[in-house]
Amino acid sequence: MLTLAVMVAACGGNEKKELEKKGSSGKTLEILLVADHEVYNGDVKDLIDSLFRGPQPGFMNNEPRFDVVNIPVSSFNNSEMFRVHRNVLKLDINPENPNKVYMHRDAWAAPQIVFDFAVKDRASLDTLLIKYYDRILQEVYRAEHARIIKAYNGQSGYELRDAIRKQFGFDLAFSNEFRMANVAHPSEDFAWVRKEAKDFSIGVLVKVMPYTQQGQFEEKFILDQLDTMMRQVGGPADSSYMGTERRMDFVTRPADMQQSSFSVETRGCWRLFGDFMGGPFVNYTLLSPDKKQVIMLCAYTYCPRFDKRDYLMQVESVCHSIAFEKEK
């Protein structure tokens with residue numbers, strides 16, 4: 001029998017110690033895989049690729065969920081440059097290992113997440129990788145959201161955030177590059193916030209409604225509400241408008257929204273009806289702390305020339321920054 005355990009080590013312990021840590025390095029959604037060649041090959045490499053390099057759900061084109069960079073153990077141990085990477089996955093196979101997975105936060109840098117697999121053999125490694133894949137996914141995404149939120153808070157768009165707070169009663173961490181956009185039919189329960197750049201466009205659609213029934217968290221209801229929200233986003237052509245792309249599959253699952261007792265994530269693609277535009281979106285449907293409102297936050301991106309994953313992560317993180325007045 002395998003002894004399976006996740007042991008959490010939080011280095012630092014207080015804000016002063018965290019400030020003393022070096023800032024972490026690495027690209028968005030990049031994982032540094034620390035493993036020697038005799039470990040990272042064959043079936044193990046195939047499993048890692050299928051888990052972490054698999055396609056991002058809800059995208060029209062195949063973009064990997066993560067970028068994986070492999071280095072040997074000696075390079076990691078002998079170079080501070082590698083040890084301060086933001087997301088680290090260490091694989092060690094040794095008959096004397098305890099068959100455990102250790103999770104460290106901010107071990108060598110901040111913010112940082114490290115998963116250390118200390119296993120006896122390849123079969124044990126396969127078992128533990130599959131067993132803790134969802135946990136790794138959750139923790140890496142949570143850390144990525146935290147980094148972007150921290151960066152946006154450092155360049156805060158105070159006027160926009162005040163406007164959102166006055167309209168809805170909660171805060172979203174928009175940077176000063178975002179602007180409130182005009183909608184076809186302005187209302188107190190809806191807002192469209194966007195950032196326009198030369199090569200891409202990203203934004204968040206915000207809608208609130210009274211909570212009346214559990215069915216408001218079912219996929220069909222969510223998609224119908226998304227179509228209603230998106231229809232207020234007009235395109236460049238006359239009479240063109242945004243809507244969900246029903247010809248493609250959607251992925252709906254429980255969401256990791258720490259600010260809500262119940263939340264659902266829906267991923268898919270949007271399209272522009274009456275024109276030729278489209279892209280991925282992720283929507284969060286969450287219950288307010290007082291359980292009186294359902295809040296929908298839809299993050300989207302349009303980027304026809306480049307990969308879209310990292311751009312979507314920016315506005316996805318804005319959704320995860322939601323903070324209610326009572327919490328603050």
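Biologist: Ground rules first: on a 1 Å grid over the protein atoms alone, a pocket is an open set of points with protein on both sides within 12 Å along at least five of seven lines. How much space lies in the largest pocket?

Modeller: About 920 Å³. The volume is the space filled by probe spheres set on points joined across faces, edges and corners. This is a predicted model: local features need pLDDT of at least 70, side-chain atom pairs need 80 or more, and totals for chains, interfaces and linings use all residues. Residues are numbered from 1 along each chain, and side-chain values use heavy atoms, without hydrogens or water.

Biologist: Which residues are closest to the centre of that largest pocket?

Modeller: Gln138, Glu139, Tyr141, Arg142 and Ala143. The lining has 35 residues, each with an atom within 4 Å of a point.

Biologist: Which element gives the largest share of it?

Modeller: α6, with 12 residues. Helices (H or I, at least four residues) and strands (E, at least two) are DSSP runs, numbered from the N terminus.

Biologist: And how does the lining of the largest pocket divide by class?

Modeller: There are 16 charged residues, 12 nonpolar and 7 polar. Asp, Glu, Lys and Arg are charged; Ala, Val, Leu, Ile, Met, Phe, Trp, Tyr, Cys and Pro are nonpolar; the others are polar.

Biologist: What about the second largest pocket, how much space lies there?

Modeller: About 230 Å³. The lining has 14 residues, and Arg194, Ser201, Val233, Gly234 and Met277 are the closest to the centre. By class, 9 are nonpolar, 3 polar and 2 charged. β11 (190–196), β15 and β17 (293–302) each supply at least two of the lining residues.

Biologist: Let's stay with β17. Why is it largely enclosed?

Modeller: Because 8 of its 10 residues are buried, that is, under 20% relative accessible area with a 1.4 Å probe and protein chains only.

Biologist: Which strands pair with β17?

Modeller: β12 (residues 201–210) pairs with β17 in the antiparallel sense over 10 bridges. β16 (residues 278–287) is also antiparallel to β17, over 7 bridges. Pairing takes at least two DSSP bridges. On the β12 side, lysine 207 has methionine 296 as its bridge partner. On the β16 side, phenylalanine 281 stands opposite tyrosine 300.

Biologist: What lies between β16 and β17?

Modeller: A turn: the two strands form a hairpin with 5 residues between them. Lysine 291 in that turn has a positive phi of about 60°.

Biologist: New topic. How many cavities of 30 Å³ or more are there?

Modeller: There is 1. A cavity is a set of points where a 1.4 Å probe fits but cannot get out. The largest has a volume of about 40 Å³. β5 gives the most to its lining, with 3 residues. The lining of the largest cavity has 7 nonpolar residues, 1 polar and no charged.

Biologist: Now the rings. How many aromatic pairs does the structure hold?

Modeller: It holds 15. Rings of Phe, Tyr and Trp (its six-membered ring) pair with centres within 6.5 Å; planes under 30 degrees apart are stacked, over 60 edge-to-face, the rest tilted. Phenylalanine 52 and phenylalanine 66 are tilted, 6.0 Å centre to centre with 55° between the planes.

Biologist: Where do those two phenylalanines lie?

Modeller: Phenylalanine 52 is in helix α2 and phenylalanine 66 in the loop between α2 and β4, so the pair ties together parts 14 residues apart in sequence. Phe52, Phe66, Tyr133 and Tyr141 form one aromatic cluster.

How values were computed
Buried < 20%, exposed > 50% of the residue type's maximum accessible area, 1.4 Å probe, protein only.
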